Amino acid sequence: MIEDVQSLLDEEQEQMFASQSWARSTNTFNYATYHTLREIYDFMDLLAAEHPQLVSKLQIGSSYEGRPIYVLKFSTGGNNRPAIWIDTGIHSREWVTQASGVWFAKKITQDYGQDPTLTAILDNMDIFLEIVTNPDGFAFTHSKNRLWRKTRSLTSGSTCIGVDPNRNWDAGFGKAGASSNPCSETYRGKFANSEVEVKSIVDFVKDHRNIKAFISIHSYSQLLLYPFGYKKESPADKDELDQVARSAVEALTSLYGTKFKYGSIITTIYQASGGTIDWTYNQGIKYSFTFELRDTGRYGFLLPASQIVPTAQETWLALLTIMEHTLNHPY
Amino acid sequence: MQLRRQPLPAPRPGDPYPAAPLLALLLLLALQGAAAAPAGSGDPEDSGWRQDAELPRGLLSQAARAALHFFNFRASSPSALRVLAEVKEGRAWINQKKEYKVDLAFTTELYNPEEGKERLGKCSARVFFRNEKPRPAINITCTRLIEKKTRQEEDYRLYKYMKQLQNLLDVVSIPDSHGHIDPSLRPIWDLAFLGSSYVMWEKTTQFLHYYMAQLSVKQWKTNEDAIDFDYTVLLHEFSTQEMIPCHIHLVWYPGKPLKVKYHCQELQTPEEASGTEEGSAVAPTELSNF
C-alpha cells in the first residue's frame with residue numbers, strides 16, 4: 001500500500017514539474033535535448049549540491065543585461081593548483097556547445113575516481129568550466145532570434161546591438177579580421193574588453209595566474225585550431241601545438257569517425273583579430289585551443305538534438321588528450 | 001573514345017599536386033564540352049593566365065562548393081542532391097584582372113544519405129571566379145551516384161507526395177530551433193535546398209560561401225502541374241558570419257530544369273551601416289533564370 005502511495009506522489013510531482021522540464025537530479029536531466037538558460041543554471045546548482053567535495057559554482061561577473069555569469073570549478077583540493085579552462089557558448093547560437101558543456105560537467109563528476117586519466121588530472125589540477133559564456137545572447141536565441149551570435153550590448157551612435165565576443169579580446173585588436181561596423185556579426189566593439197562577458201574572463205585569468213590550458217568551444221565546421229588568427233606568424237610553440245592537436249583529433253575521430261581538420265586559425269578557417277585564444281596564448285597560456293564542433297554545414301547551428309551526446313562524447317576524448325598533455329608537460 | 005594516359009611529366013617547382021590525373025581530367029573536360037565556357041578558357045597557358053602556385057587558403061574548397069551548387073541546380077533533382085566530401089587535388093591560375101581559374105577533383109556524398117550506405121561520388125570541375133563578382137562560371141562532370149531510372153522514379157514519388165501536401169503556411173521554420181525537421185516536411189527542405197543551390201551558386205566567390213540555415217514557407221501551390229514554391233531562407237555566409245535573408249520562388253516539375261527567381265538582402269558595407277536589429281542594409285537585387 002505504502003509503495004503505491006509513494007509512486008502516486010512521485011507521479012504527481014513529475015506532472016507538476018513536467019511542463020517546466022525541471023529535473024530533480026542530474027541523473028534525470030535530459031542531456032539529449034537543448035535547454036533554456038534557467039534549466040542550465042538549475043543544473044549547475046543540482047550538480048554542485050550533489051558533489052559538494054568536487055564541484056563549486058563561482059560567479060565571475062554579470063552580463064550586460066544583468067544576468068549572473070557562472071563558472072563551475074572542479075577541484076579535489078590544493079591551493080590555486082594549475083588549471084584548465086573550458087568555455088562553451090561564447091557565440092550564443094552555437095547551441096551544441098552549451099549542451100556539450102552541460103554534458104562535460106556531468107561527465108567529470110561521473111569519471112573522477114573511475115577513469116584513470118581524468119582522476120590523475122583532477123588529483124593535480126583544477127578544471128574551470130564556463131557553460132554559458134554569453135547569457136544575454138543565449139536568452140535572446142530562445143526568446144527572439146535563434147541565430148543571434150553576439151552579446152546584447154547597446155552601441156552608442158548606432159541602432160545595431162551587440163559585439164562579437166570573439167573579436168573583442170586584446171590581441172591584434174583593430175587589425176584586419178574583425179569589423180568596425182556595429183551592425184556586423186564580427187563587430188569588434190569600441191575597444192578591447194568593452195564587453196563585460198569578455199572582461200570577466202580576462203580578470204579571472206589574470207587574477208588566477210595559474211591557468212595552463214585554455215579551450216574555447218564553438219560550432220560549426222569540425223576544426224581544432226590553435227593561434228594565431230590575427231597574424232600569419234606561427235606561435236613559438238607551433239610544432240608542439242600542432243602535435244597535440246593531431247593527437248586530440250585522432251582521439252575524437254576514433255569514436256564515431258567524425259572528421260576534423262586542424263591547424264592555426266588563420267590558415268585553417270579565416271583571419272580573425274581580437275580572438276580569445278590569441279589573447280590567452282599571448283598571456284603565456286601555451287595550450288590555447290579553439291574547437292569548432294559538428295557539423296560541416298548540413299544543419300550548421302541548428303544541429304539536431306540527437307547529435308548532442310555523440311558530439312559531446314567525441315569532443316570529450318579530444319579534451320582529455322589536451323588536458324593529459326598539459327598535466328604531463330608542466331611549465 | 002579511349003583516353004590514352006600521358007606519361008607523368010616532371011612536377012614543376014612549387015607545384016604541390018601531381019599533374020597526371022589532372023591532365024586526364026582536362027582532356028575529359030575538353031571532350032565533354034559541358035556548360036558554356038567563358039572566353040579565354042582554352043589552354044591554361046594562354047590569355048594571361050599564370051599559375052598560382054601558392055593557392056590562397058580555401059580556394060579549392062570554394063571552387064568545389066560553387067561547382068556543387070551549380071551541379072545540384074542543373075540536375076534539378078531533389079532526390080539526388082550532393083554535398084562536398086573531400087577536395088582531392090587542384091590547381092589554380094590567376095590573370096591580371098585577379099580572376100581565378102581553378103581545376104579540381106573532389107568527392108561527394110549524397111545530401112540525404114541512406115542508412116548505412118555511404119556512397120562517394122567523384123567530380124572534376126573547372127571554376128572561374130570573376131574577382132568577387134557573382135556567377136562563377138562552372139564546368140563540372142561527376143560520376144553517377146544513383147541509377148538514372150531510380151532517380152527519376154524517386155523524383156516522381158516526391159512530386160506526387162508534394163502535390164497532395166497542404167496547410168504548409170502554418171510551418172514557420174524548418175528546421176525548428178532544435179534542429180528538428182519533421183519527416184513529413186523533409187521533402188520541402190530538400191526542394192528548398194535545390195532552389196537555394198541556384199542562389200548559392202550565383203553568390204559564391206573565392207571568398208564568400210554559403211550554407212542554408214533555416215527556411216519558412218510563404219506559399220505552396222500545387223494546382224497547376226508543377227510545384228510552385230515561395231519561401232524565405234536564411235543563408236549563412238561563412239567568412240562574414242552573416243545571416244542573409246533571401247526570398248526565393250521556384251517552380252519544379254520532375255525531369256524539367258528548375259526555374260528560380262530570388263531576391264536577397266545584400267551584405268552590409270561599412271558605408272551603409274544603418275540600424276536595424278538584424279543589421280543588414282537593404283539593397284535588393286532581383287535575379288532569376290526565368
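**Exercise 1. Find where Asp126(A) sits, and work out whether this residue is buried or exposed.**

Step 1. Asp126(A) belongs to strand E4 of chain A; strands (E, at least two residues) and helices (H or I, at least four) are DSSP runs numbered from the N terminus.

Step 2. This is a predicted model, in which local features need pLDDT of at least 70, side-chain atom pairs count only at pLDDT 80 or more, and totals for chains, interfaces and linings use all residues. Residues are numbered from 1 along each chain as its sequence is written, chains are lettered from A and ligands numbered from 1 in the order in which they are written, and side-chain values use heavy atoms, with hydrogens and water left out.

Step 3. With a relative accessible area of 2%, Asp126(A) is buried (buried is under 20%, exposed over 50%, partly exposed in between, with a 1.4 Å probe and protein chains only).

Step 4. Now look at the side chain: Asp126(A) and Ser75(A) share a polar contact of 2.7 Å. Such a contact is a pair of N or O atoms within 3.5 Å; within protein, one must be able to donate a hydrogen and the other to accept it, and residues adjacent in sequence count only if both atoms are side-chain atoms.

**Exercise 2. Place strand E4 in its sheet: what is the strand order?**

Step 1. The order in chain A is E1-E2-E4-E3-E5-E8-E6-E7, an open sheet of eight strands with mixed pairing. Two strands pair if DSSP finds at least two bridges between them.

Step 2. Strands E1 (55-62) and E7 (261-264) of chain A are at the edges with a single partner strand each, so one side of each has no neighbour in the sheet.

Step 3. E2 (residues 68-74) and E4 (residues 126-130) of chain A pair in the antiparallel sense over three bridges, and Phe74(A) stands opposite Ile127(A) in E4(A).

**Exercise 3. Which residue forms a salt bridge with Arg149(A), and what does the pair tie together?**

Step 1. The partner is Asp164(A), with the closest N and O atoms 2.6 Å apart. A salt bridge is a side-chain nitrogen of Lys or Arg within 4 Å of a carboxyl oxygen of Asp or Glu.

Step 2. Both residues lie in the loop between helix H5 (135-143) and H6 of chain A, so the pair ties together parts that are 15 residues apart in sequence.

Step 3. Arg149(A) and Asp164(A) are both buried.

Step 4. Elsewhere, salt bridges with shared partners link Glu65(A), Arg67(A) and Asp136(A) into one network.
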